[in-house]
Amino acid sequence: MKTDKIALVTGSGQGIGRATAVALSAFSHVIIADIDKVSGKETVSIINKKGGSSRFVYLDVSDSDSITELFLNISSNENKLDYAVNNAGIGGEMKLIHELDLEDWDKILKINLTGVFLCMKYQIKLMLDNKFGRIVNVSSMAGTYGFSRGSSYSATKHGVIGLTKSAAIEYGSENIRVNSVCPGFVQTKILDDIPDYVLDFNKKYRVPMKRIGKPEEVAESICWLLSEKSSFTNGHSLYIDGGFSVG
Ligand SMILES: NC(=O)c1ccc[n+]([C@@H]2O[C@H](COP(=O)([O-])OP(=O)(O)OC[C@H]3O[C@@H](n4cnc5c(N)ncnc54)[C@H](O)[C@@H]3O)[C@@H](O)[C@H]2O)c1
């Protein structure tokens, strides 16, 4: 595949990030960035075996030095960035607020929110140089309403939507569009921490489509938001939840 487009997907070692990286490889070179080297390199090998182009760079989004290193690496290799998907995230501790330790809170904030902010800061600099950029941040349906025992997660995902909207306003005139996605329950390892009875209840009574989503279904929506098919969509938060959020 011949393309001059460069994409970065954080947390692309598995789950939604991997599915997005694979889908994106149909129209761009993809930089796979993840804290897990083994799974990240597996994603590279899946893409490259399919005839796509990708490479792995180690990234810990909770470490500002690691983020700086990633972007120095991109600057000295590709030296531009067209598409960025800020996807790396964790579910955090499932505790009530009065049980939550500051340590738990700080950990998830660093990964799910500060990590997105710092990555966006560098991505936007590269995109401004190139006068082109498309960013999709992975929020959650928990980014638009609260969840019992999910306060820290929900707070970070609300923050991601706030960052997205503000960036859309700041850079809309610079040919940089910034959107977010709000997945519902999607079949990845992050669901391992959610008890089966909770998932079963939600499938039966809360999700009109009566099922859990697939990572590939989120990936397709992200690719649409990055593509010119969504050319007037900016600052939007797109639910991909089988209808959970509508009532
Ligand atoms: N699966 C769902 O139901 C669901 C729903 C809504 C939102 N999301 C969001 O989707 C995103 C992807 O989650 P997923 O469901 O694919 O989970 P996952 O656990 O399968 O994948 C998360 C990926 O992020 C990587 N990662 C974790 N910490 C990192 C760090 N500090 N630095 C770099 N990489 C790191 C992991 O190694 C992994 O590859 C997350 O932001 C999550 O909050 C998931």
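## Strands β2 and β3

In this predicted model, strand β2 pairs with strand β3 (residues 54-58) through 5 bridges, and the pairing is parallel. To see one of these partners up close, look for Asp34: its bridge partner in β3 is Tyr58. Getting from β2 to β3, the chain takes a detour through helix α2 (residues 37-49), and this β-α-β crossover is right-handed.

What surrounds β2 itself? Strand β2 covers residues 29-34, and 6 of its 6 residues are buried, so the rest of the structure largely encloses it. In a regular strand, side chains alternate between the two faces of the sheet. You can follow that along β2: His29, Ile31 and Ala33 point one way, while Val30, Ile32 and Asp34 point the other way. Residues on both sides are buried.

## Over to β1

Strand β2 has another partner, β1 (residues 6-10), with 5 bridges between the two and a parallel run. Here Ile6 of β1 sits opposite His29 of β2. The chain gets from β1 to β2 by way of helix α1 (residues 15-24), in a β-α-β crossover that is right-handed.

Strand β1 also pairs with β4 (residues 83-86), again running parallel, this time with 3 bridges. Val9 is a good place to look for this pairing, as Val9 stands opposite Val85 in β4.

## The whole sheet

Now step back and take in the full set of strands. How many strands does the open sheet have, and in what order do they come? There are 7, arranged as β3-β2-β1-β4-β5-β6-β7, with parallel pairing. At the edges are β3 and β7 (237-240), each of which pairs on one side only. Going from one strand to the next, the twist averages 20°.

Helices pack on this sheet too. Helix α1 touches β1, β2, β3, β4, β5 (133-138) and β6 (176-183), and its direction makes about 170° with that of β1. Helix α5 (residues 151-171) also packs on the sheet, touching β5, β6 and β7. The direction of α5 makes about 160° with that of β6.

## Helix α1 and its neighbours

Besides packing on the sheet, α1 packs against helix α2, with the axes 10 Å apart and an angle of about 25°. Angles under 35 degrees count as roughly parallel, so that is how α1 and α2 lie relative to each other. Their crossing is right-handed. On the α1 side, Arg18, Ala21 and Val22 make the contact, and on the α2 side Thr43, Ile46 and Ile47 do.

Helix α1 also packs with α7 (residues 215-226), at about 50° and with 8 Å between the axes. At that angle, α1 and α7 are oblique to each other. The crossing of α1 and α7 is right-handed. Which residues bring α1 and α7 into contact? From α1 they are Gly15, Ile16, Ala19, Thr20, Ala23 and Leu24. From α7 they are Pro215, Glu216, Val218, Ala219, Glu220, Ile222 and Cys223.

## Two loop residues to look at

Lys131 is in the loop between α4 (102-130) and β5. Is Lys131 buried or exposed? Lys131 has 9 other C-beta atoms within 10 Å, so Lys131 is exposed; the cut-off for exposed is 12 or fewer. The backbone of Lys131 has something to check as well: phi is near 55°, a positive value in a residue other than glycine. Lys131 also lies 7.5 Å from Ile176, C-alpha to C-alpha, although 45 residues separate them in sequence.

Asn175 belongs to the loop between α5 and β6. With 13 other C-beta atoms within 10 Å, Asn175 is partly exposed. Asn175 has a positive phi too, about 60°, although Asn175 is not a glycine.

Conventions
Residues numbered from 1 in each chain as written. Predicted model: local features only at pLDDT ≥ 70, side-chain atom pairs only at ≥ 80, totals over all residues. Buried ≥ 20, exposed ≤ 12 C-beta atoms within 10 Å, placed from the backbone. Helix = DSSP H or I, 4+ residues; strand = E, 2+ residues; numbered from the N terminus. Pairing = 2+ DSSP bridges. Right-handed = clockwise from strand over helix to strand, strands pointing away. Axes fitted to C-alpha atoms, helices over the stretch in contact; angles between N-to-C directions. Parallel < 35°, antiparallel > 145°, perpendicular 65-115°, else oblique. Left-handed = near helix turned anticlockwise from the far one by under 90°. Contact = placed C-beta atoms within 7 Å.
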